[in-house]
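Let's take a walk through this protein together, one helix at a time. Have the picture open and follow along as you read.

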Amino acid sequence: MLKDCLEVFKRQMQQVKEKGRAEDALILDSYIPADGCYISVNSDGIIACQMDLKFNKKAKQMEGISQRYYGKMCFFDYHSRLVSMDKPVDPKKVIHSNNYLSFWVKQESLGNGKLNQEAIDRYFDVLKNPEKKYAKSKDRQMYDYIAAQIDEINVEKLEWCRDWVKKHIFSLEDMGISLSGKNYLKIFFEDTEERYIQEEQRYLITKIFNKNDYNQEIDGKIWGLPNDNLGMNQKKPYMAHKTRKTELPYMITAEDAVLQRKFFDYLYNQASAGKVNIYIDPEKGEISAFSKEEKMQKDFTGYYLYVQKGKEVQIMHQDVIVDYRYHLRKRFQYINVFDRKTEEELYRDYGTVGQIESLLNEILFSKWLVTNYFTPVDELQISGETARNLIWSRDAIFAWLYKNETQNIAGILSKVSVNMIKDSIKNGYISKAVKQFNLKCSLEEYFSGGEQMSTDYESIRKELRRKIQSKETEQITSDEEYYYAVGQLVNYFISLSKAKDKKHSLANPFFNIKNNQALKDKLRQYFIKYNYQLNCSGTWFNNLYAMICNYTKAEKTDQNSMIAGYINNNILYQKKNMEEQVNE
């Protein structure tokens, strides 16, 4: 799949080149330099530009830029990077750039003694005589391979850069440049773009593979193990293919390794800007990147990558998406099954994947879903029921919303909804539980093909209200009505508690009971506990409790109906008239 993604990326770079721009413009257009002080020195040794760059993560934009020099500075910066800190030019890792036209150090190194004249000479000496650094045969092979393709080192320019650094690096404040903090100081000596690219190549090709010891030359081309998101060391013995002649997972040419590095550079830029959802369309040759909060707003078939920024960009998830549709095949109707007043603007129809995801994210997962599809379990910032249900269901939800895979999603969302409703009740968030229950019912209707729900709670409520007001005790006629009535009675009993810190978690024993006789026994305990507050002439309560006691047909516990009865407004507290209440 990575190879297919690289083909699309290569096509995009070629299209950019055909428009008269450098092929690296695809990367540089989204390039985000590290925070720090950037200095450009012209051929006369004069500072032509100085910028204090800082990326504003909230606004998603770079601050402190000079429009005249920013593009050039990004170019110099991009072509002066190390492959990684494990592959430095400076063996003591004080200086972090890769060629003599640039000089990078942490600002703190200027004051703590790490950067001195010896360190400067050490860096430029390696660049002046790279053959000495690449003494091992495989390393020297890679250096000779690239050295034959580029110009020789401009020793005169190298020494000029060395002298400038040694004369000015410790007196920049005298030149009006203030340094502080732990950000970078980056000095660039102006030269042609071709020279910068050549000097980058002199370093890069020798470091492009994971380890040159693995390299093999075949028909004049050098093949090796790429360095991106992959490693072969003693800590990863499982990566080796012991049954093959070559133990490496796979090998590519140096040219393909450079292309792959550029692709990962592009992904790193997107991740740095918060655009972690990458969609690659092989048919159209397009690559689109979106943040966690954004959505692809058109139908899509192709490759999907979820990336994360660390010391390097990491592909945390990859998949082939066959039939993503932003607009739902049928609209989703979020219905209010109760007569409770709540945020009415929520209860409407929804037509896009993004809208459905927002509902699930906000109502079921308290806004933790969208940002945590692929977050490792040990890095989640939540715990309890929300974390448990998120971990259990997020793969299925992602497959449904992003890949149109509906297998088991109805049952999973139903189970998650019940768990989260019970947790909301336990913590006293009844209005939240109501919205969650409404969402659960709406999802069940949606997945049933548009058929009306089998349980009409509003009709049950109206009928139950009529029955408790009857002069004679009537009968409950269905399991749904029975468990709804039980939920109402449990709610009423808990409301009578005189406890100072009254919790809805008192209802949990009822929700977890599986046997109807045990349920009635529990109700009897609560009746005995609170009957000192009940008036014998309270007809409504007497009728409700009598109907529950008389109903013997219930078999399987209907937890949904019990919860619906519990979280809805209690019919025993509704006024008989403007003055009289049931418990008076």
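**A tour of the helices**

Let's begin at the end of a helix: right after α12 comes G428, and the phi of G428 is positive, near 85°. Keep in mind that you're looking at a predicted model.

Now look at α12 itself, which covers residues 409-426. How far apart should the ends of α12 be? Count 1.5 Å a residue, and its 18 residues should span 26 Å. The end C-alpha atoms of α12 turn out to be 25 Å apart, which agrees with that expectation. So is α12 enclosed or open? Buried here means under 20% relative accessible area, and 13 of the 18 residues of α12 are buried, so the helix is largely enclosed by the rest of the structure.

One of the partners of α12 is α13, which runs over residues 430-447. The axes of the two helices come within 9 Å and cross at roughly 165°. Angles over 145 degrees count as roughly antiparallel, and that makes α12 roughly antiparallel to α13. As for handedness, α12 and α13 cross in a left-handed way. To find the contact in your picture, look on the α12 side for residues including I409, L413, V418, M420 and I425. On the α13 side, the residues that meet them include I430, A433, F437, L443 and F447. Sort the residues of this contact by class and you get twelve nonpolar, four polar and three charged.

Next, step back along the chain to the loop between α11 and α12. Two residues there are worth a stop. As a rule, most residues other than glycine have a negative phi. N404 is not a glycine, yet its phi is positive, about 60°. N408 has a positive phi too, near 70°, and is likewise a residue other than glycine. Both belong to that loop: N404 is found between α11 and α12, and N408 is found there as well. Are they buried or exposed? N404 is partly exposed, with a relative accessible area of 29%. N408 has a relative accessible area of 55%, and the cut-off for exposed is over 50%, so N408 counts as exposed.

Further back again is α10, made of residues 353-364. You can try the length check on this helix too: α10 has twelve residues and reaches 16 Å from its first C-alpha to its last, close to the 16 Å expected at 1.5 Å a residue. Nine of those twelve residues are buried, leaving α10 mostly covered. Among the buried ones are V353, I356, E357, L360, N361 and L364. What does the covering? The elements over the buried residues of α10 include the strands β12, β13 and β14, along with α11, α12 and α13. Just past α10 there's another positive phi, this time at S366, with a value of about 50°.

Let's return to α13, since it has a second partner to show you. That partner is α19, residues 559-567, and the axes of α13 and α19 come within 10 Å and cross at roughly 140°. The two helices are therefore oblique to each other. Their crossing is left-handed. Here I430, A433, V434, F437, K440 and E444 of α13 meet N560, I563, A564, Y566 and I567 of α19. By class, this contact has eight nonpolar residues, one polar and two charged.

Another crossing pair is α15 (residues 479-495) and α18 (residues 539-550). Their axes come within 10 Å and cross at roughly 130°, which makes α15 oblique to α18. This crossing is left-handed. On one side the contact is made by Y482, A485, V486, L489, Y492 and F493 of α15, and on the other by F541, L544, Y545 and I548 of α18. Which classes do they fall into? Ten are nonpolar, with no polar and no charged residues.

Our last stop is K467, a residue of α14. Is K467 buried or exposed? With a relative accessible area of 3%, K467 is buried. Setting aside neighbours within four places in sequence, you'll find K467 in contact with E474, Q475, I476, T477, E481, N543 and M547.

Terms used:
Residues are numbered from 1 along each chain as its sequence is written. This is a predicted model: local features need pLDDT of at least 70, side-chain atom pairs count only at pLDDT 80 or more; totals for chains, interfaces and linings use all residues. Side-chain values use heavy atoms; hydrogens and water are left out. Helices (H or I, at least four residues) and strands (E, at least two) are DSSP runs, numbered from the N terminus. The expected span of a helix is 1.5 Å times one less than its number of residues. Buried means under 20% relative accessible area, exposed over 50%, partly exposed in between (1.4 Å probe, protein chains only). Axes are lines fitted to C-alpha atoms, for helices over the stretch in contact, and angles run from 0 to 180 degrees between N-to-C directions. Angles under 35 degrees count as roughly parallel, over 145 as roughly antiparallel, 65 to 115 as roughly perpendicular and the rest as oblique. A crossing is left-handed if the near helix is turned anticlockwise from the far one by less than a right angle, and right-handed if clockwise. Contact means heavy atoms within 4.5 Å. Ala, Val, Leu, Ile, Met, Phe, Trp, Tyr, Cys and Pro count as nonpolar, Asp, Glu, Lys and Arg as charged, and the others, Gly among them, as polar.
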